[in-house]
Every structure is written in C-alpha cells, then in structure tokens.
Amino acid sequence: MNLKIYNSLSGEKEIFTPIHEKSVGMYVCGPTVYSNVHLGNVRTFMSFDFIYRTLMHLGYKVRYVRNITDAGHLTDDGDVDNDRFVKQSRLEKLEPMEIVQKYTVDFHKVLEVFNLLPPTIEPTATGHILEQIELTQKLLDKGFAYERNGSVYFDVLEYNRRGLNYGELSRRNIEELFANTRDLDGQSEKKNPQDFALWKAASPAHIMRWNSPWGEGFPGWHLECTAMSTKYLGERFDIHGGGMDLKFPHHECEVAQGKACNGVEPVNYWMHANMLTMNGQRMSKSTGNYILPMELVSGSNDFFEKAFHPTIVRFNFMQAHYRSVLDISNEAMIASEKGFQRLMEALKVLSNTTFSSAEVSSFDVEAWKAKCYAALTDDFNSPILIAHLFEAANFIFKLKEGKESISTQDLEELKTLLNSFIFDVLGLQNIEENNNEKLDQTLQVLIELRNQARKAKNFDLSDQIRDRLLAEGIELKDGRDGTTYSIS
C-alpha cells in the first residue's frame with residue numbers, strides 16, 4: 001500500500017518516495033529553550049512522534065533529527081540586545097546557558113511524560129557554530145549574502161533575480177512582501193526589508209557571542225536549522241516538519257538557504273502540524289486562556305474539572321488529524337477518557353476471555369486490517385485509525401456475549417494488531433499496568449525502610465509500617481528469601 005503525504009510545498013497529497021529505499025531522513029524543528037514548553041509545542045512534537053512511529057511500523061529505517069535552539073533567537077522587535085535567552089537570563093538572574101539547561105531538562109521531562117520517543121539525533125545550535133559560519137561564508141562567496149557592520153544578511157532580491165522564488169513554500173508574492181513589511185532587523189543595515197540575518201554582530205552588552213570572520217556575534221535563527229539538517233541528513237533529504245507557525249518566515253528561509261547553497265530543493269516533503277486551541281479560543285498568556293502541559297496532567301488549573309493522565313491527553317490529541325486545528329476542553333477530555341477506557345476494556349476481554357473457536361469468523365479481520373493501514377498510509381490519519389479500533393472493540397464485546405464468532409487464527413491476528421496499533425503506533429500506555437508498576441515500586445521502598453528499621457532495632461517503626469500496610473489490605477510476609485507482600 002503506497003504511503004501518501006500531504007506536501008506543503010505542492011499543496012497536494014503525494015505518494016511518498018524516499019531518496020534511499022526503505023530509509024527516511026526526517027528533520028523536525030525543536031524547541032527554543034528559554035521557557036517552559038507549552039501545550040501547543042507538545043501537540044506538534046506528538047504529531048511527529050506518531051509519524052515517526054508509523055514510519056518505523058511500516059518498515060522504514062528512520063533517522064529522526066530534532067534540534068534544540070539554544071542561541072540566536074531574537075524577539076519580534078528584532079532588538080539584538082533583547083535576545084530571548086539574554087532577556088530570560090536577566091529576568092531569572094541566571095547565566096544564559098543555565099536558562100538553556102533548565103528548560104532543555106523541562107522539555108525532555110514533559111515529552112517523556114507523554115511517551116514521546118527520543119529522536120535519533122538531537123543537535124544544538126551552539127554545538128554547530130562552525131557549520132553555520134561555513135554556510136554563511138558559502139552564501140557570501142556565491143553572492144547570495146552581504147556583510148554590514150559585522151552582520152551578514154541573506155539577499156532576497158538577488159535570490160529572486162536569479163530565477164529562484166522566495167515565497168514558494170508559503171505561497172507569498174515577493175512584491176507584496178516588500179510592500180507590506182516594515183524592517184524589524186536593522187533598517188539602516190539591510191538592503192531590503194525581507195533580507196534576513198545569517199549572522200548578527202553582538203553589541204558590547206550581548207552575552208552570547210562567538211568569533212567569526214566578521215567579528216564577534218551569534219548565528220541567525222533560520223541558518224541553524226539549515227546547518228544541522230544538512231550535516232546529518234544531506235543537502236537533500238526526505239521530510240522536514242514543524243508547526244504551521246514556522247512555515248513563514250522560518251521554513252521559507254530554510255528553503256532559500258538550501259537552494260542558494262547547494263542548488264537543489266533541500267527537502268522533498270514539507271509537513272506542518274496545525275495549531276492547538278482551548279475552549280474554542282487561541283491559547284494566550286495575555287488573555288489568560290493558557291495552560292502548561294503539567295498543569296493539565298496534575299489538575300492544578302481552572303479549566304478542567306480534574307487531572308488527566310498523560311495517555312488520556314495523548315489519546316485526545318490523536319483523535320484529531322495532525323493538519324487539523326485541535327480544540328481541547330473539559331468535555332472533550334472526559335470523552336477521551338471514556339473512549340480510552342473502552343479500548344482498554346476490549347483489550348482485557350480479548351486477553352482474558354476464552355472463546356470457542358469457529359471455522360469462519362463473523363468479523364473480517366483482514367478487511368479490517370486493510371482499513372487500518374489505509375488510514376495510516378493516507379497522510380497518517382490517526383482519527384480514522386482510532387475509529388477502526390472502536391469498530392474492533394464493538395466486535396469484541398459482542399464476541400464476549402456470544403453474538404459473534406472468530407477463528408483461532410483471526411483471534412491471534414486481532415490481538416497482535418490491536419496491541420501494535422494502540423501501543424506501538426499511537427504511543428498510548430496501559431494506565432492500569434503503569435499504576436501496578438508504581439505500586440510495586442512504592443511497596444518495595446516501604447519494605448526497604450522497614451528492613452532498615454529492623455536492622456537499627458527500631459521495632460516500633462518496623463511494626464508501624466507493617467500494621468499500616470495491613471490496615472490497607474497489604475500483608476507483608478517475611479521469609480528466608482526476603483520480604484514479599486500480598487494484596488487482599
């Protein structure tokens with residue numbers, strides 16, 4: 001079955017043809033680590049985690065590169081001395097790289113909570129300064145860039161003058177861009193308002209700075225991704241992903257840099273995940289319609305009636321196609337929780353119930369399997385896949401009631417497929433199994449504390465731990481091989 005991907009560059013679904021057979025090079029723009037990762041970011045990274053999982057499930061070997069932007073990200077006003085890292089470091093009275101470390105750790109912790117797989121490679125912008133300087137020099141040598149007062153800018157008009165098309169990804173007209181854009185990045189230095197920085201000169205007060213042929217400075221945001229993606233995936237690679245908000249100017253600039261440097265389209269398939277809203281409105285700190293990922297999980301917020309397990313949140317996110325706007329609400333999350341519980345109950349019935357084998361199944365497992373794969377290969381259509389999972393769940397409950405029949409072969413096939421689609425592809429987790437694991441870990445800690453108390457001849461504490469657990473229905477049993485427990 002051919003995999004089809006919606007390509008933002010062409011605006012159409014295209015049959016996916018990798019550059020190297022059964023291998024995929026995929027680059028996704030990672031976080032800018034100057035603050036906590038927000039829920040919209042989680043939605044984007046979760047979408048590409050699902051895409052990553054699906055590609056591997058379909059038999060592709062995937063090199064997945066997702067960067068960390070830890071330098072060179074200016075605020076919207078373009079003020080070099082208002083670099084977001086520098087601004088946050090002053091606010092929190094920390095060194096810029098302390099800010100980077102703090103929020104990189106937060107990013108990883110949050111993604112781990114939502115069961116995202118780590119990328120194959122996770123490069124940082126500060127770890128690739130040399131590559132960025134080399135790319136800047138290459139663009140200067142080719143006449144696509146110019147230097148002004150220690151800063152280097154990409155010449156957009158020159159790029160278009162040579163028959164290339166700045167604006168092709170976002171479908172913007174270059175003349176309209178020039179007419180409607182005020183200069184945000186040093187009007188006195190740049191030839192044209194749409195020219196963008198490849199390297200910025202650092203003012204005396206600027207903390208994050210590196211030596212370059214043009215003086216001390218720091219890299220432009222757009223150049224970072226071109227340097228890291230081409231280093232690890234080549235001058236032309238298969239898939240580049242990110243949020244819809246990055247299409248212009250960030251990804252547009254990446255296209256221009258890649259084509260100007262290497263003379264080829266840098267990416268075959270551009271993919272963009274859509275935005276996240278809450279209660280029908282855009283999430284924004286200024287309006288107060290805003291929630292952090294862990295506030296949703298912990299329940300410490302004013303928007304949701306209770307805490308929701310991360311896998312419930314993930315299941316909710318997967319019920320919208322990655323290219324569709326996803327709106328979260330208390331009602332939607334409650335519905336997702338009920339739907340997830342129904343799927344888990346169906347799996348439990350399938351695993352724990354003995355069914356009489358039939359010669360012919362009343363449920364066509366092969367046809368159902370084909371529909372599931374049709375959804376996966378139709379631009380990674382997770383909501384349609386989930387609809388088919390519920391179709392199987394309905395059959396399982398009828399099977400339990402004796403209203404349906406299934407052969408032994410189909411039964412095993414259905415078990416395998418359901419577990420694979422739910423856990424491997426969608427990335428959901430069995431909450432009950434996780435809770436049991438946590439309980440066991442907790443009890444082992446208490447047993448160890450009790451053993452330490454006994455060794456210290458603190459028998460009052462030892463007995464207190466034993467008796468309190470017994471009151472909760474957990475009996476400790478001391479034996480030759482150590483202490484075990486049973487739950488009544």
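This passage walks through the overall build of the chain and then one annotated site.

The model is a predicted one, so it comes with filters: local features need pLDDT of at least 70, side-chain atom pairs count only at pLDDT 80 or more, and totals for chains, interfaces and linings use all residues. Numbering runs from 1 along each chain as its sequence is written, and side-chain values rest on heavy atoms, with hydrogens and water left out.

Starting with the overall layout, the domain assignment splits the chain into domain 1 (17–273), domain 2 (277–424) and domain 3 (436–487); bounds of this kind come from an automatic or database assignment. Between the C-alpha centres of domain 2 and domain 3 there is a gap of 38 Å. Along the principal axes, the C-alpha atoms of the chain take up a box of roughly 75 × 65 × 40 Å. Secondary structure adds up to 16 helices and 15 strands, taken as DSSP runs numbered from the N terminus (helices are H or I with at least four residues, strands are E with at least two).

As for packing, 53% of the 488 residues in the chain are buried, where buried means under 20% relative accessible area, exposed means over 50%, and partly exposed is in between (1.4 Å probe, protein chains only). Among contacts (heavy atoms within 4.5 Å) with a separation of 6 or more, 73% link residues 24 or more positions apart. The chain exposes about 22700 Å², and carbon and sulfur atoms supply 48% of that; the areas are Shrake-Rupley values with a 1.4 Å probe, and for residues only the protein chains shown count as cover.

Now for the annotated site. An unreviewed UniProt entry gives the annotation "binding site" to Cys 29, Cys 225, His 250 and Glu 254; such annotations may be inferred rather than shown by experiment, and their positions follow the numbering used here, with feature names shortened. These residues span 226 residues in sequence, yet no two of their C-alpha atoms are more than 11.2 Å apart, so they gather at one spot.

Two of these residues are worth a look in turn. Cys 225 sits in helix H7 (residues 221–233) and counts as buried because its relative accessibility is 1%. Leaving out neighbours within four places in sequence, Cys 225 contacts Tyr 27, Cys 29, Asn 67, His 250 and Glu 254. His 250 belongs to helix H8 (residues 247–262) and is buried, with a relative accessible area of 1%. Not counting residues up to four places away in sequence, His 250 touches Cys 29, Trp 221, His 222 and Cys 225.
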